[in-house]
Amino acid sequence: MDAENKKKAISRLKRIVGQRRGIQKMVEQDRYCIDILTQTASIVSALKGVEDMVMEHHLHTCVADAMRSNDGNLKRQKIDEVMTVLSKFRKHG
């Protein structure tokens, strides 16, 4: 991952950590359930953003390199890898 995107991903992950702490406090303080659920949805959205960044990087580097190669096995391996990840993404939304 290039330096700029790595910095963005780390920033998002740090924000997620802060949000998680905030939700923990909300639970400890017996805050309104819908408010807690709203915050958990925010974390899920933020994690999906990080997933998107990592997947885009992977496609532009590892997968693109494999597709440019003459190695049919490597190409199939990367396609299978991406399909496995996409299948997991569909399962957890």
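Me: Before anything else, what makes two residues count as a contact, and which residues does Ile-36 touch?

Reply: Contact means that heavy atoms lie within 4.5 Å. In this predicted model, and leaving aside residues up to four places away in sequence, Ile-36 touches Ile-23, Met-26, Val-27 and Arg-31.

Me: What makes up the largest nonpolar core, and which helices supply it?

Reply: The largest nonpolar core has 6 residues, namely Ile-16, Ile-23, Met-26, Ile-36, Ile-43 and Val-50. Helix H1 (3-28) and helix H2 (33-68) each supply at least two residues of this core.

Me: Why is the pair Lys-8 and Glu-4 called a salt bridge?

Reply: The side chains of Lys-8 and Glu-4 come to 3.4 Å, N to O, and the cut-off is 4 Å, so the pair counts as a salt bridge. Both residues lie in helix H1, 4 residues apart, which is about one turn of the helix.

Me: How do you know whether Lys-78 and Glu-81, which meet in a salt bridge, are buried, partly exposed or exposed?

Reply: Lys-78 has 14% relative accessibility, and because buried means under 20%, Lys-78 counts as buried. Glu-81, at 29%, falls between 20% and 50% and therefore counts as partly exposed.

Me: How do you know that the length of helix H3 agrees with what is expected?

Reply: Helix H3 (residues 72-91) has 20 residues, and at 1.5 Å a residue these should span 28 Å, while the end C-alpha atoms are 29 Å apart, which agrees. At the start of H3, a side-chain oxygen of Asp-71 reaches to within 3.0 Å of the backbone nitrogen of Asn-73.

How values were computed
Residues are numbered from 1 along each chain as its sequence is written. This is a predicted model: local features need pLDDT of at least 70, side-chain atom pairs count only at pLDDT 80 or more; totals for chains, interfaces and linings use all residues. Side-chain values use heavy atoms; hydrogens and water are left out. The expected span of a helix is 1.5 Å times one less than its number of residues. A polar contact is a pair of N or O atoms within 3.5 Å; within protein, one must be able to donate a hydrogen and the other to accept it, and residues adjacent in sequence count only if both atoms are side-chain atoms. A nonpolar core is a set of buried Ala, Val, Leu, Ile, Met, Phe, Trp, Tyr and Cys residues joined through side-chain atoms within 4.5 Å. Buried means under 20% relative accessible area, exposed over 50%, partly exposed in between (1.4 Å probe, protein chains only).
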